[in-house]
Amino acid sequence: QVQFVESGGGLVQPGGSLRLSCVVSGLDFSYYAWTWYRGKEREVVAFITSSGGTVNYPDSVWGRFTISRDNAKSTVYLQMNNLKPEDTAVYYCNTRSQEFPWGQGTQVIVAS
């Protein structure tokens, strides 16, 4: 079965940085495009194609977040810089169509 294990969250001050990781198991990781989401509404914050050649971000995080992937490690990353209080949320990874059961997510809290 497909499993997501997100990690790397924590408490950080505004302007700080975090690097999130999502280890995916149970499928051919390299075949899929991956998306990072946040919050109960599952807001999309980053997308990367299967080749890694195309990435997309919403305006709310553009220039601050960077998505990447390591197919050898079946892991997708989210580097978050210049964090703002409004980035506070639980972060998850999944496909763009959200076709697999969600992991537990990783909590990010941005506060002074």
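The following questions and answers concern the strands, sheets and one buried residue of a predicted model.

In this predicted model, local features need pLDDT of at least 70 and side-chain atom pairs count only at pLDDT 80 or more, while totals for chains, interfaces and linings use all residues. Residues are numbered from 1 along each chain as its sequence is written, and side-chain values use heavy atoms, with hydrogens and water left out.

Reader: How many helices and strands are in the protein?
Author: Helices (H or I, at least four residues) and strands (E, at least two) are taken as DSSP runs, numbered from the N terminus. From the N terminus on, the elements run β-β-β-β-β-β-β-β-β-β. The count is therefore zero helices and 10 strands.

Reader: What is the radius of gyration of the protein, and what does the globule rule give for 112 residues?
Author: The radius is taken over C-alpha atoms, and the globule rule is 2.2 Å times the number of residues to the power 0.38. The C-alpha trace spans about 40 × 25 × 25 Å along its principal axes. The protein is as compact as a globular protein of that length, because its radius of gyration is close to what the rule gives: the two values are 13 Å and 13 Å.

Reader: In what order do the strands of the four-stranded open sheet lie?
Author: Strands count as paired if DSSP finds at least two bridges between them. Strand 1 and strand 3 (residues 18–25) are antiparallel, with five bridges between strand 1 and strand 3 and six between strand 3 and strand 8. Strand 7 (residues 65–70) is likewise joined to strand 8 by six bridges, in the antiparallel sense. The order of this antiparallel sheet is 1-3-8-7.

Reader: Which strands stand at the edges of that sheet?
Author: An edge strand here has a single partner strand, so one side of it is left without a neighbour in the sheet. The strands in question are strand 1 (3–7) and strand 7.

Reader: Which residue in the turn between strand 7 and strand 8 has a positive phi?
Author: These two strands form a hairpin with four residues between them, and Phe65 stands opposite Met80 in strand 8. The positive phi, of about 50 degrees, belongs to Ser74.

Reader: How many of the six residues of strand 8 are buried?
Author: Buried means under 20% relative accessible area, exposed over 50%, and partly exposed in between (1.4 Å probe, protein chains only). Of the 112 residues of the protein, 44% count as buried. Strand 8 (residues 75–80) is largely enclosed by the rest of the structure, because its buried residues number five.

Reader: In what order do the six strands of the other open sheet lie?
Author: The pairing in this sheet is mixed, and strand 9 (residues 89–94) pairs with strand 10 (residues 106–110) in the antiparallel sense over three bridges. Strand 2 (10–12) and strand 6 (55–56) each have a single partner strand, so they stand at the edges. The order is 2-10-9-4-5-6.

Reader: What is the relative accessible area of Asn94?
Author: Asn94 is found in strand 9, and its contacts (heavy atoms within 4.5 Å), not counting residues up to four places away in sequence, include Phe4, Trp34, Tyr37 and Trp102. Asn94 is buried, and its relative accessible area is 0%.
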